[in-house]
Every structure is written in C-alpha cells, then in structure tokens.
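Q: Please give me a close look at one helix and its surroundings. I am new to this, so explain each term as you go.

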Amino acid sequence: MQIFSPNSVRVCLVILQILAVAGVWMMRVGERTSMAHSLRGFFILSMLLLSIVTVLSLITVPGSGMSSGIVLAVITVLAVIDCRNTARR
C-alpha cells in the first residue's frame, strides 16, 4: 500500500527546494534589516519542511537522494558562509 504518489512527492520536493533557496537568499540579503528575524524564521521553516519531504522522497522515490542531498548541501553552505569583507585596509 502506497500512501504518497511518487509524482506528488517529486513536485513537493522541487517546490520546497526552490522555496529553501529563495529563503536562504532572502535571509542573506536582509541580514541587517528589521526583517532579519522573520526571514531567518522563514528560512528555518523551509529547511525543516525540505528535510521532511527529502526523507519522504527517499522512502517513496529511491532515486531522488543524490539531487536532494546536493541541494541541501548548497543551501547549508549558503546559509553559513560569510561573504562580508572583514579586513579593512
């Protein structure tokens, strides 16, 4: 018995991957604004949902693990990398 259709899981996965990439981009752009706290919360929520759907996709669609892992890795690196120039001359 299959609870989730593989196609619907793929669609949710792609939508959440796009949402998470947009979330990390908005979080980095709005770091020093009044919206920083809200954007950080949006990013954390999108990462949580993406992680849940990634695990679900690994169960229902076995071949989707590599692309999901790459997207999660890129999003994580973008979230923690510091692009500001701290050395002032």
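**A close look at helix H2**

A: Leu 49 lies in helix H2, so let us start there; helices here are DSSP runs of H or I with at least four residues, strands are runs of E with at least two, and both are numbered from the N terminus. Please keep in mind that this is a predicted model, in which local features need pLDDT of at least 70 and side-chain atom pairs count only at pLDDT 80 or more, while totals for chains, interfaces and linings use all residues. Residues are numbered from 1 along each chain as its sequence is written, and side-chain values use heavy atoms, with hydrogens and water left out.

First, the setting. The chain has 3 helices and 0 strands, and its elements run α-α-α from the N terminus on. H2 has 25 residues and reaches 36 Å from its first C-alpha to its last, close to the expected 36 Å (the expected span is 1.5 Å times one less than the number of residues). For H1, with 24 residues, the reach is 34 Å, close to the 34 Å expected.

Now back to Leu 49. Leu 49 counts as partly exposed because its relative accessibility is 36%; buried means under 20% relative accessible area, exposed over 50%, and partly exposed in between, using a 1.4 Å probe and protein chains only. Together with Leu 45, Leu 48 and Ile 52, Leu 49 makes a nonpolar surface patch of about 360 Å². Patches are made of residues with over 30% relative accessible area and no salt bridge; like charges are joined within 9 Å, and nonpolar side chains (Val, Leu, Ile, Met, Phe, Trp, Tyr) within 5 Å. The areas come from the Shrake-Rupley method with a 1.4 Å probe, and for residues only the protein chains shown count as cover.

H2 also has buried residues: Ala 36, Leu 39, Phe 43, Ser 46, Met 47, Leu 50, Val 53, Thr 54, Ser 57 and Thr 60. It helps to know that an α-helix has 3.6 residues a turn, so residues three or four places apart point the same way.

Where do some of these side chains go? Phe 43, Met 47, Leu 50 and Val 53 are among the 12 residues of the largest nonpolar core, a core being a set of buried Ala, Val, Leu, Ile, Met, Phe, Trp, Tyr and Cys residues joined through side-chain atoms within 4.5 Å. H1 (6-29), H2 (36-60) and H3 (65-80) are the elements that give two or more residues to this core, and H1 gives the most, with 5 residues. In soluble globular proteins, nonpolar side chains tend to be buried together.

Let us follow two of these H2 residues outwards. Leaving aside neighbours within four places in sequence, Val 53 is in contact with Val 9, Cys 12, Leu 13 and Leu 16, where contact means heavy atoms within 4.5 Å. Leu 50 is one of the residues in contact with Gln 17, along with Ser 67, Ser 68, Val 71 and Ile 75, again leaving aside neighbours within four places. Gln 17 lies in helix H1 and counts as buried because its relative accessibility is 14%.

Phe 43 leads to another helix. Ala 79 is in helix H3, and beyond its neighbours within four places it touches Phe 43, Val 24, Met 27 and Arg 28. With 18% relative accessibility, Ala 79 counts as buried. By contrast, Val 80, also placed in H3, is exposed because its relative accessible area is 65%.

Arg 28 has one more partner. Arg 28 forms a salt bridge with Glu 31, with the closest N and O atoms 2.9 Å apart; such a bridge is a side-chain nitrogen of Lys or Arg within 4 Å of a carboxyl oxygen of Asp or Glu. A search of the whole structure finds 1 salt bridge. Both of its members are partly exposed, Glu 31 at 32% and Arg 28 at 23%.

Finally, step back to the whole chain. Of its 89 residues, 28% count as buried. Among contacts with a separation of 6 or more, 71% are between residues 24 or more positions apart.
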